[in-house]
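Please consider the structure shown below together with its sequence. The account that follows is meant to be read with both in view.

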Amino acid sequence: MPAHSNAPFILGIESSCDETSAAVLQGRTVLSNVIANQLLIHRKHGGVVPELASRAHQQKIIPVVEEALTIANVTKKQLSAVAFTRGPGLMGALLVGVSFAKALSIALDIPLVDVNHMQGHVLAHFLTKPGDQAVTPSFPFLCLTVSGGHTQIVRVDSPLEMHVIGETMDDAAGETFDKAAKILGLPYPGGPLIDQHAHHGNPERYRFPHPKVPGLNFSFSGLKTAFLYFIRDLEQREPDFRTTQLADVCASIQHSIVQILLDKIKLAVHQTGIRTIAIAGGVSANSALRAALLSAGEQEGWSVFIPPFEYCTDNAAMIAGAGSFLFEAGRFAEPDVAPLARMPF
Ligand code: KG4
Ligand code: ZN
């Protein structure tokens, strides 16, 4: 919907993990999308510390929401609804966003809309910028949703009808990137750093085992363990491998993860006959995954949808966008809605 339409203004709030984010949308048009990340808070601990995340959300939520309204040039009184991430995520972190959203909806006397974070990632494909024509996937489409905590193939029949047709049985793709980076001594979150180092490396230099999981489910734990032993052996043989071979090691593990993901997408296309393919979630920012999907799309004749970088990792625009679909359908949350650390799709 264009920003000049009568589409409602929706405030979105995301606080499921280590990003405090608020966005203002008119319909699906993003007027602002403010993200305060907590990288420096968690980095020295090598991963997200839930209690520190909750405290940082508490400190950031008011200034982030105010900034989002200011950038959008929208007043609180103009808002038609408050959409928030109900789950899945860290309980204490979610609580901050849920409580804030509830308080605002009561104070402004506007509806509260609860959003599933993973559905938010999928619906990021429907966001547009003011003045831009939306180019969106047609239904039904398949979305590979790959984040720090999830790896799913979702069949999307409409904005509000989605089914997970495959998912990881152990680690998520993002977790695998982060653990591989940790094994290499790279700081958290390691996914983007592996991506950077891999640019200069040879992805065929080292080969890692490809899991044999039937159907559309994934498994990454075997790959993670194989990588751990591989690095232990390599370090014994070549103690300075981090200075001489880091790029090849990163390119090779990245290649393995991307191949596992791509093989399952191909199988999903084969099984469902759906040839419109999207990716979403933090790992969809990975340059090798984006390139591999584009080239598979060309070879196989798929229509491929890759989100802009700003909508790959956690952000509130995707929550407000998903919230706008729910708002249009009149699907509001009850005032006693509680966050869910694990939330069914
Ligand atoms: O969706 P997201 O921001 O948060 C969750 O909902 O989990 O995803 C975060 C994950 C992290 O594991 C991070 O390492 C990974 O996405 N990630 C990447 C890249 N950018 C973010 N992984 C590989 N390559 C990237 N460029
Ligand atoms: Zn996410």
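The paragraphs below treat the ligand site, the aromatic contacts, a strand pairing and some points of backbone geometry.

The model is a predicted one. A suitable place to begin is the surroundings of ligand 1. Its shell comprises 19 residues, and the closest of them are Gly148, Asp178, Asp195, Gly282 and Asn286. Three helices, α4 (117-123), α5 (173-183) and α6, each contribute at least two residues to this shell. Several polar contacts can be described atom by atom. The side chain of Asp195 places an N or O atom 2.9 Å from a nitrogen atom of ligand 1. His121 has a polar side-chain atom 3.1 Å from an oxygen atom of ligand 1. Asp314 takes part through its backbone, with an N or O atom 3.0 Å from an oxygen atom of the ligand. Ligand 1 on its own would expose 550 Å², of which the protein buries 89%.

The aromatic residues come next. The structure contains ten aromatic pairs. One of them joins Phe139 and Phe141, whose ring centres are 5.7 Å apart and whose planes meet at 35°, a tilted arrangement. The two residues of this pair can also be described by their accessibility. Phe139 has a relative accessible area of 34% and is therefore partly exposed, whereas Phe141, at 0%, is buried. Another pair, Phe208 with Phe230, is edge-to-face, with 5.1 Å between centres and 85° between planes. Because Phe208 belongs to the loop between α6 (191-198) and α7 (221-237) while Phe230 belongs to helix α7, this pair ties together parts that are 22 residues apart in sequence. Both Phe208 and Phe230 are buried.

Ring pairs also link Phe126, Phe139, Phe141 and Phe325 into a cluster. Phe325 has a further partner in Arg28, whose charged end sits over the ring at 3.7 Å from its centre. A contact of this kind is formed by Arg290, which lies over the face of Phe309 at 4.0 Å from the ring centre.

Phe139 also has a place in the description of the backbone. A cis peptide bond joins Phe139 to Pro140, with omega about -5°, and Pro140 is located in the loop between α4 and β6 (141-146). Gly87 and Pro88 are likewise joined by a cis peptide bond, with omega about -10°. Pro88 is situated in the loop between β4 (79-87) and α3 (91-108).

Positive phi values in residues other than glycine also deserve attention. Asn73, in the loop between α2 (50-72) and β4, has phi near 60°. With a relative accessible area of 68%, Asn73 is exposed. Asp109, in the loop between α3 and β5 (112-116), has phi near 55°. Asp109 is exposed as well, at a relative accessible area of 70%.

Among the strands, β7 (residues 151-158) and β8 (residues 161-167) pair in the antiparallel sense over six bridges. Two residues form the hairpin that joins β7 to β8. Within this pairing, Val154 has Val164 of β8 as its bridge partner.

Ser219 completes the description. This residue is in the loop between α6 and α7. Its relative accessibility is 13%, below the 20% limit, so Ser219 counts as buried. Ser219 and Ile61 are separated by 158 residues in sequence and by 36 Å in space, C-alpha to C-alpha.

Definitions and conventions
Residues are numbered from 1 along each chain as its sequence is written. Chains are lettered from A and ligands numbered from 1 in the order in which they are written. This is a predicted model: local features need pLDDT of at least 70, side-chain atom pairs count only at pLDDT 80 or more; totals for chains, interfaces and linings use all residues. Side-chain values use heavy atoms; hydrogens and water are left out. Two strands pair if DSSP finds at least two bridges between them. Helices (H or I, at least four residues) and strands (E, at least two) are DSSP runs, numbered from the N terminus. Rings of Phe, Tyr and Trp (its six-membered ring) pair if their centres lie within 6.5 Å; planes under 30 degrees apart count as stacked, over 60 as edge-to-face and the rest as tilted. Buried means under 20% relative accessible area, exposed over 50%, partly exposed in between (1.4 Å probe, protein chains only). A charge sits over a ring if NZ of Lys or CZ of Arg is within 6 Å of the ring centre and within 35 degrees of the ring normal. A residue is near a molecule or strand if one of its heavy atoms lies within 4 Å of it. A polar contact is a pair of N or O atoms within 3.5 Å; within protein, one must be able to donate a hydrogen and the other to accept it, and residues adjacent in sequence count only if both atoms are side-chain atoms. Accessible areas come from the Shrake-Rupley method with a 1.4 Å probe; for residues, only the protein chains shown count as cover.
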